[in-house]
Amino acid sequence: MRLVCFGDVHMTFRAIERLGPVLAGADVAILTGDITNFGDPPDAFRVVDAVRAHCAAVLAVTGNLDMPWVIDAFRTAGISLHGEGRRFGDLGVFGCGGSNITPMDTPTELEEDEIARVLSAGHAAVADAPRRLMICHTPPYDTRLDRLVNGTPVGSPAVRAFIE
């Protein structure tokens, strides 16, 4: 099973084209959020379709810059990992889109308890898988992944607690 996971596309179709040869060799492409810049479902699906031009199987979570209703559109289309899980043999993949609360007041921000609930629901769908992969747009709190330039951690305590 070969997965190609990437995010923060922000509707940069040129970047998807550059990834084309890598995506063509993937079994599944997983979008990890910020697919658009404050975009609605039609914008998000333009990105999904650009990825599908290289890899037919696409799964996704939204980011904090995607509108909240993109989550429902992805769920309806059968590609959402937000609070959901998919099995690929021994591998279970689940996720959570959006981000924790930020000072920037972006469209898809979740309270920490909601992040924990979404991750728990997704994990429950694949808990029996020998190997599990969590796809989350927001990074775990106080790690090398969540530092601002000044060193301040901004990730999610709920994501960190879930991993631990």
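Biologist: Which residue in strand 5 does Gly-85 stand opposite?

Modeller: Bear in mind that this is a predicted model. Strand 4 (85-88) is an edge strand, so to speak, pairing on one side only, and it runs antiparallel to strand 5 (residues 91-96) over four bridges. Across from Gly-85, in strand 5, stands Phe-94.

Biologist: And what is the strand order of that open sheet?

Modeller: The sheet has three strands with mixed pairing. Strand 4 and strand 8 (131-136) are its edges, and the twist from one strand to the next averages 20 degrees. Read across, the order is 4-5-8.

Biologist: Which helix lies across strand 4, strand 5 and strand 8?

Modeller: Look at residues 112-124, which run at about 160 degrees to strand 5. That stretch is helix 4.

Biologist: Now helix 3: why do its buried residues sit on the same side?

Modeller: Within residues 69-77, the buried ones are Val-70, Ile-71, Ala-73 and Phe-74. An α-helix has 3.6 residues a turn, so residues three or four places apart point the same way. Here the four share a side of helix 3 because the arc they cover around the axis is only 165 degrees.

Biologist: What do those buried residues pack against, and which residue just after helix 3 takes a positive phi?

Modeller: The packing partners are helix 2 (41-52) and strand 3 (58-61). Once helix 3 ends, phi turns positive, at about 80 degrees, and the residue is Gly-78.

Biologist: Phe-45 and Phe-74 pair up, but are their rings stacked or edge-to-face?

Modeller: Two aromatic pairs turn up in the whole structure. In this one, Phe-45 comes from helix 2 and Phe-74 from helix 3, so the pair ties together parts 29 residues apart in sequence. Phe-74 is buried, at 1% relative accessibility. The ring centres are 5.3 Å apart and the planes stand at 85 degrees, so the pair is edge-to-face.

Biologist: How many disulfides does the structure hold?

Modeller: A disulfide needs two cysteine sulfur atoms within 2.5 Å. For Cys-5, the nearest cysteine sulfur belongs to Cys-55 and is 11 Å away. For Cys-136, the nearest is that of Cys-96, at 4.8 Å. The total is zero.

Biologist: Is Cys-136 buried or exposed?

Modeller: Cys-5 is partly exposed, with a relative accessible area of 38%. The cut-off for buried is under 20%. Cys-136 comes in at 18%, so the call is buried.

Note on methods:
Residues numbered from 1 in each chain as written. Predicted model: local features only at pLDDT ≥ 70, side-chain atom pairs only at ≥ 80, totals over all residues. Heavy atoms only, no water. Buried < 20%, exposed > 50% of the residue type's maximum accessible area, 1.4 Å probe, protein only. Helix = DSSP H or I, 4+ residues; strand = E, 2+ residues; numbered from the N terminus. Arc of directions from axis to C-beta. Contact = heavy atoms within 4.5 Å. Pairing = 2+ DSSP bridges. Axes fitted to C-alpha atoms, helices over the stretch in contact; angles between N-to-C directions. Phe/Tyr/Trp six-rings, centres within 6.5 Å; stacked < 30°, edge-to-face > 60°.
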